[in-house]
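User: Could you zoom in on one part of this model and walk me through it? I'd like one helix, and how it fits with what's around it.

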Amino acid sequence: MPSDDLPMTTRDLLRVIADYAAVVAANRTYLIELDAAIGDADHGENLDRGMKAALDRLAEADPGTPADVLQTVATALISKVGGAAGPLYGTAFLRAATSVRGRDELGAADLVGALRAGLGGVVARGKAEVGDKTMVDAWDPAVQAAEQVVTAGGSTREALTAAADAAEEGMRATIPMIARKGRASYLGERSAGHQDPGATSSALLFRVFADVADHSS
């Protein structure tokens with residue numbers, strides 16, 4: 001770990017969740033509009049409800065470790081959110097929690113491992129791969145970018161910034177794609193020309209992680 005790199009603490013993760021809940025709320029209508037074009041128009045509403053439930057659960061639970069934070073968020077999303085958002089994000093947070101169990105703080109390698117585990121959860125739950133026009137198109141390049149930075153000896157902040165940049169690029173790359181999974185796949189070629197809402201909300205999440213790491217470093 002670089003000498004000036006600071007690990008992400010439980011408090012930092014709580015801030016990530018609080019900030020992401022605020023970002024989702026601010027982008028609720030935008031996510032609904034994206035989903036209305038190719039889906040059920042419920043992504044923004046469902047995710048907003050889920051993140052509010054996550055904040056309520058965290059306030060009640062008073063988590064003591066990063067894994068506790070992630071586990072609590074996962075439970076809230078899985079139990080409170082319908083559609084695809086709850087199961088997919090919930091599984092991602094659950095897998096991430098399992099990967100960092102027993103750690104009091106998360107260094108760059110820990111965080112990358114958690115993101116890789118989260119991606120594995122999304123893929124397992126959604127049965128999607130890169131190019132299917134789903135949130136995987138943001139998650140996969142983000143995880144790969146973060147892994148490359150850490151392998152090269154980069155810091156937590158650098159890894160998460162690279163992940164956020166790659167997630168946003170992956171999000172934009174969904175626009176010309178023809179959807180092969182989910183409700184959007186029913187549209188066939190008509191799904192092309194629209195940005196995927198799940199990839200968009202995922203890119204927002206990675207940017208929040210990067211912003212929190214930047215202010216913590």
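Analyst: Helices here are DSSP runs (H or I, at least four residues), numbered from the N terminus. This is a predicted model, so local features need pLDDT of at least 70 and side-chain atom pairs count only at pLDDT 80 or more, while totals for chains, interfaces and linings use all residues. Residues are numbered from 1 along each chain as its sequence is written, and side-chain values use heavy atoms, leaving out hydrogens and water.

Let's take α5, which runs over 85-99. Its 15 residues should span 21 Å at 1.5 Å a residue (times one less than the number of residues), and the end C-alpha atoms are indeed 21 Å apart, so the two agree. Eleven of those 15 residues are buried (under 20% relative accessible area, 1.4 Å probe, protein chains only), so α5 is largely enclosed by the rest of the structure. The buried ones include Gly86, Pro87, Leu88, Tyr89, Phe93 and Ala96. Around them, the packing partners are α1, α3, α4, α6, α7 and α9.

Tyr89 is a good residue to click on. Leaving aside anything up to four places away in sequence, Tyr89 is in contact (heavy atoms within 4.5 Å) with Tyr20, His43, Leu47, Leu77, Met135, Gly198, Ser201, Ser202 and Leu205. Along with Met8 and Phe93, Tyr89 touches the most other members of the largest nonpolar core, a set of 59 residues. Such a core is made of buried Ala, Val, Leu, Ile, Met, Phe, Trp, Tyr and Cys joined through side-chain atoms within 4.5 Å. α5 is one of the elements giving it two or more residues, though α9 gives the most, with nine.

Phe93 turns up again at the largest cavity (a set of 1 Å grid points where a 1.4 Å probe fits but cannot get out, lined by residues with an atom within 4 Å of a point). That cavity holds about 130 Å³, and Phe93 and Ala96 are among the lining residues closest to its centre, together with Leu70, Leu115 and Phe209. α5, α6 and α9 each give its lining two or more residues.

α5 also borders the largest pocket, an open set of points with protein on both sides within 12 Å along at least five of seven lines. The pocket has a volume of about 550 Å³. Leu88 is one of the lining residues nearest its centre, as are Ala84, Lys181, Gly182 and Arg183. Here α5 gives the most to the lining, with three residues.

Definitions and conventions
Buried means under 20% relative accessible area, exposed over 50%, partly exposed in between (1.4 Å probe, protein chains only). Grid points are joined across faces, edges and corners, and a volume is the space filled by probe spheres set on the points.
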